[in-house]
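Biologist: I'd like to learn how to read helix packing and burial from a set of coordinates. Could we go through one model together?

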Amino acid sequence: MSRTPLIAGNWKMYKTGPQAVETAKELAALCSDVQDKEVMIAPTYLSLPLVSQAVKGSRLYVGAQNLYFEKEGAYTGEVSADMIKAAGAEYAIIGHSERRQFFSETDESVSKKINAAVQTGLKPVMCIGETLEEREAKKTFLVLDKQVSDGLKGFGLDDLKDLVLAYEPVWAIGTGKTASVEQVEEVHQYLRSLLEKLFESKLANQTRILYGGSVKPENAKDLMGIADVDGALVGGASLDAGSFINIINYNAV
Ligand code: PEP
C-alpha cells in the first residue's frame, strides 16, 4: 500500500497572527508544485482561522497543536475539536511531548482527545516517544508500547482510518540531536508491527508514521528515505518557509 508522505510543521508558541499569515502565504506559494506529499502547518489556536483563510485553495493543510476533549462547557481557556474544525483545520496534533511534560497530559487524556478528534472528523497526529533516561534504561519499546496501547485502547479500525503516528524521541526535540537512521528504522518497524498486533495489517499498512526530532534540510533526505518513515513532524525548522520547503522537497535532488 502506498502512503502519501505528510510533512507537518509545528509552530508551537511562535508567531503572532500577522506573522503566521505571512509565513503561511510564503509557504503556500513555495508549495504550489508539491504533488507527491501533503504539507500541514499547525499555528497557535489564535492564528488558526487567519491562516486557514490565507491558504485556502493552496496545497497546504492546517492543523491545531492540541484540543480539549469535551464538546463544550465551563472549561476556561480550552478549545474544543468542533471549534478547531470550524476554524478550518483538518488535523490536530495530540499528545506532543511538550504537552505531556509541561501540561500533565497522560495516555488517558491523549485517548480522550483522539476520540474527540475522530468524532469531529479531525485527523489525529498522535505523538509518542521516549525520554533519554528511558532509552538509556533500554525501555524504549516498553514506553512506546504503553503509549500506543493505552492511547488507542477501545478504538475500532474505522475510527483510526485517518490516524497519523509521530515518533518523536523526547531527547531529540529542539535539541539539535537527531536519532540515527538505525534507531529510527528500528522504532518505526516496531511501531508498524505493534499496530498490526493491536489491530490488523490493514491499519498497520495504511497508517502514516512520521519521525520528529531536530529534522532539518541537511538530514531530511536520509531520515525520509527510511522504509517505514512516512514523513516528518518539524518544529524549529518549519518556522521559516525557506528552510521548511527544503525539508518538504527532500527528494527533489
Ligand atoms: C516538534 O516540535 O515536534 C519537534 C520535533 O521540534 P524540533 O523539530 O524543533 O526538534
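Biologist: How are α5 and α7 oriented to each other: parallel, perpendicular or oblique?

Modeller: Bear in mind that this is a predicted model. For a pair of helices, look at the angle between the axes. Helix α5 (residues 107-120) and helix α7 (residues 140-151) pack at about 45 degrees, and their axes are 8 Å apart. Angles under 35 degrees would count as roughly parallel, and 65 to 115 as roughly perpendicular. So α5 and α7 are oblique to each other.

Biologist: Is the crossing of α5 and α7 left-handed or right-handed?

Modeller: Right-handed, for α5 and α7.

Biologist: And which residues of α5 and α7 meet?

Modeller: From α5, take Asp107, Ser111 and Ile114; they meet Lys146, Gln147, Asp150 and Gly151 of α7. Sorted by class, this contact of α5 with α7 has three charged residues, three polar ones and one nonpolar.

Biologist: Let's stay with α7. At what angle do the axes of α7 and α8 cross?

Modeller: At roughly 40 degrees, with the axes of α7 and helix α8 (residues 181-198) coming within 11 Å. That angle makes α7 oblique to α8. The crossing of α7 and α8 is right-handed. On the α7 side, the contact uses Thr140, Phe141, Leu144, Asp145, Val148 and Ser149. The α8 side brings in several residues, among them Val187, Tyr190, Leu191 and Leu194.

Biologist: How many nonpolar residues does the contact of α7 with α8 have?

Modeller: Nine, along with two polar and three charged residues in the contact of α7 with α8.

Biologist: Now burial. How many of the residues of α11 are buried?

Modeller: Here you go residue by residue, and under 20% relative accessible area counts as buried. Helix α11 (residues 241-248) has six of its eight residues buried, which leaves the helix mostly covered. The buried ones are Ala241, Ser243, Phe244, Ile245, Ile247 and Ile248.

Biologist: What do the buried residues of α11 pack against?

Modeller: A mix of strands and helices: β1 (6-10), β2 (38-42) and β8 (231-234), plus α1 (17-30) and α10 (217-224).

Biologist: Last one, cysteines. How many disulfides does a search of the whole structure find?

Modeller: The general idea is that a disulfide is a covalent bond between the sulfur atoms of two cysteines. In this structure, the search finds zero disulfides.

Biologist: Does Cys31 count as buried or exposed?

Modeller: Cys31 counts as buried because its relative accessibility is 1%. Cys127, at 1% relative accessibility, counts as buried too.

Key: Residues numbered from 1 in each chain as written. Predicted model: local features only at pLDDT ≥ 70, side-chain atom pairs only at ≥ 80, totals over all residues. Heavy atoms only, no water. Axes fitted to C-alpha atoms, helices over the stretch in contact; angles between N-to-C directions. Helix = DSSP H or I, 4+ residues; strand = E, 2+ residues; numbered from the N terminus. Parallel < 35°, antiparallel > 145°, perpendicular 65-115°, else oblique. Left-handed = near helix turned anticlockwise from the far one by under 90°. Contact = heavy atoms within 4.5 Å. Nonpolar A, V, L, I, M, F, W, Y, C, P; charged D, E, K, R; others polar. Disulfide = S-S within 2.5 Å. Buried < 20%, exposed > 50% of the residue type's maximum accessible area, 1.4 Å probe, protein only.
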